[in-house]
Amino acid sequence: MPIIKTDVLDDSYFWVQWSQNSQNIEDNSTIINWSCGFHPGHKYYLNAIKMSSVVINGVEVYSGGTYSNITDYQDRTFASAVLKIAHNPDGSKSFTISGFSGWIYASGNTYASSQSFTLPTIPRASSVSCSTANIGSNATITINRASTSFTHTLTYSFGSLSGTIATKTSSTNISWTLPTTFYGQIPNSKSGTGTITCQTYNGSSLIGSKSTSFTATVNESASKPTLSPTVRDSNTTTTALTGDSSKFIKYYSNASVATGAKARNSATLKSYKITCGSKSITNASGTINAVESGSFTFSATDSRGYTTTQTINKTLIDYI
């Protein structure tokens with residue numbers, strides 16, 4: 001129990017002491033017990049002693065008094081009570097017990113200097129975390145709050161986008177569907193990082209706010225390029241022989257090919273490849289002359305690095 005004493009005079013001194021009683025998280029305050037008194041080094045009988053006022057945290061808790069008839073060596077408590085001390089908005093608090101003095105009959109005055117004390121910080125703004133999730137899927141937001149009476153407003157920012165997830169919710173586990181508009185913020189990346197801000201309220205009073213980062217990932221299967229490949233024989237001589245542009249004569253037919261590729265979810269197409277045997281082209285469409293295989297492989301890669309590949313097999317006829 002912290003105690004402040006005056007200088008010792010005739011083996012005697014005046015004192016003030018305090019102890020923590022309780023903390024109120026919702027009210028952001030601490031209640032302390034305090035008392036003040038005198039430690040006699042001698043028997044003073046009818047002789048008078050006097051203690052000055054006591055000020056704690058700027059509040060006069062004791063106005064001072066004069067006493068006598070101290071007939072033993074036991075400490076005397078002049079006053080005691082409780083004091084409520086409000087904390088700072090962030091939950092921290094230091095307070096001061098101001099200097100005080102005492103007077104002993106026929107001996108004189110004795111003094112104590114002011115002292116400061118720090119109370120345990122009261123938890124205020126709730127902390128928040130968020131799981132990683134694919135865009136368009138659900139992420140879980142978890143709130144760690146100091147009191148069940150607290151509510152929270154959640155907002156997000158992702159690139160140039162921002163919005164509100166929940167307003168003054170009492171839930172501590174919130175399922176949040178990542179907006180599909182997030183795709184447009186990361187056209188060249190497979191994931192991006194955003195921020196969730198949690199504002200903590202006690203009733204209508206804003207206690208504080210804390211933030212956390214979250215990762216939004218691109219759903220590959222829903223975002224990689226699509227292909228609609230086409231292959232036909234563009235050599236009129238060989239098509240006249242086969243009567244079917246979907247059939248090819250080895251080493252003579254010319255294949256007109258196209259990937260039919262499309263990018264998805266804000267990505268752009270970056271590269272293509274169409275292969276037939278040992279021959280290939282790196283355009284979205286074109287012609288492979290003198291085909292040597294009936295197997296055609298098409299691929300397209302987008303700006304996120306996702307690649308889609310598809311193979312089409314056509315009838316290949318040996319030339320005789």
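In which loop is Asn-265 found? Keep that residue in mind as we walk through this model, which is predicted. Asn-265 is found in the loop between β23 (255-258) and β24 (269-276). Its backbone deserves a look: Asn-265 has a positive phi of about 50°, although it is not a glycine. Most residues other than glycine have a negative phi. Asn-265 is also partly exposed, because its relative accessible area is 28%, and partly exposed covers the range between 20% and 50%.

Another asparagine tells a similar story. Asn-69 is not a glycine either, yet it has a positive phi of about 60°. Look for Asn-69 in the loop between β7 (65-67) and β8 (76-86). Asn-69 is partly exposed too, with a relative accessible area of 44%.

From that loop, step back to β7 itself. Strand β7 belongs to an open sheet of four strands, in the order β7-β4-β10-β11, with antiparallel pairing. The edge strands are β7 and β11 (108-112), and each of them pairs on one side only. On average, neighbouring strands of this sheet are turned by 20° against each other, direction ignored. Where β7 meets β4 (residues 49-51), the two strands pair in the antiparallel sense over three bridges. Here you can find Lys-50 standing opposite Thr-66 in β7.

Now let us turn to the inside. The largest nonpolar core has 27 residues. Among those with the most contacts inside this core are Trp-34, Cys-36, Met-51 and Phe-95. Try selecting Cys-36: leaving aside neighbours within four places in sequence, its contacts include Trp-15, Met-51, Tyr-62 and Phe-78. A second, separate core has 24 residues, including Val-128, Ile-135, Leu-178 and Ala-216.

Finally, look at the aromatic rings. The structure holds 15 aromatic pairs. One of them joins Tyr-156 and Trp-176, whose ring centres are 5.3 Å apart. Why is this pair called tilted? Its ring planes meet at 35°, and tilted pairs are those that are neither under 30 degrees, which would be stacked, nor over 60, which would be edge-to-face. The pair links distant parts of the chain, 20 residues apart: Tyr-156 is in strand β16 (residues 150-158) and Trp-176 in strand β18 (residues 173-177). Both Tyr-156 and Trp-176 are buried. Together with Phe-158, Phe-182 and Phe-214, they form one aromatic cluster. A ring can also meet a charge: the charged end of Lys-168 sits over the ring of Tyr-201, 4.6 Å from its centre.

Key. Residues numbered from 1 in each chain as written. Predicted model: local features only at pLDDT ≥ 70, side-chain atom pairs only at ≥ 80, totals over all residues. Heavy atoms only, no water. Core = buried A, V, L, I, M, F, W, Y, C linked by side-chain atoms within 4.5 Å. Buried < 20%, exposed > 50% of the residue type's maximum accessible area, 1.4 Å probe, protein only. Contact = heavy atoms within 4.5 Å. Phe/Tyr/Trp six-rings, centres within 6.5 Å; stacked < 30°, edge-to-face > 60°. Lys NZ or Arg CZ within 6 Å of the ring centre and 35° of its normal. Pairing = 2+ DSSP bridges. Axes fitted to C-alpha atoms, helices over the stretch in contact; angles between N-to-C directions.
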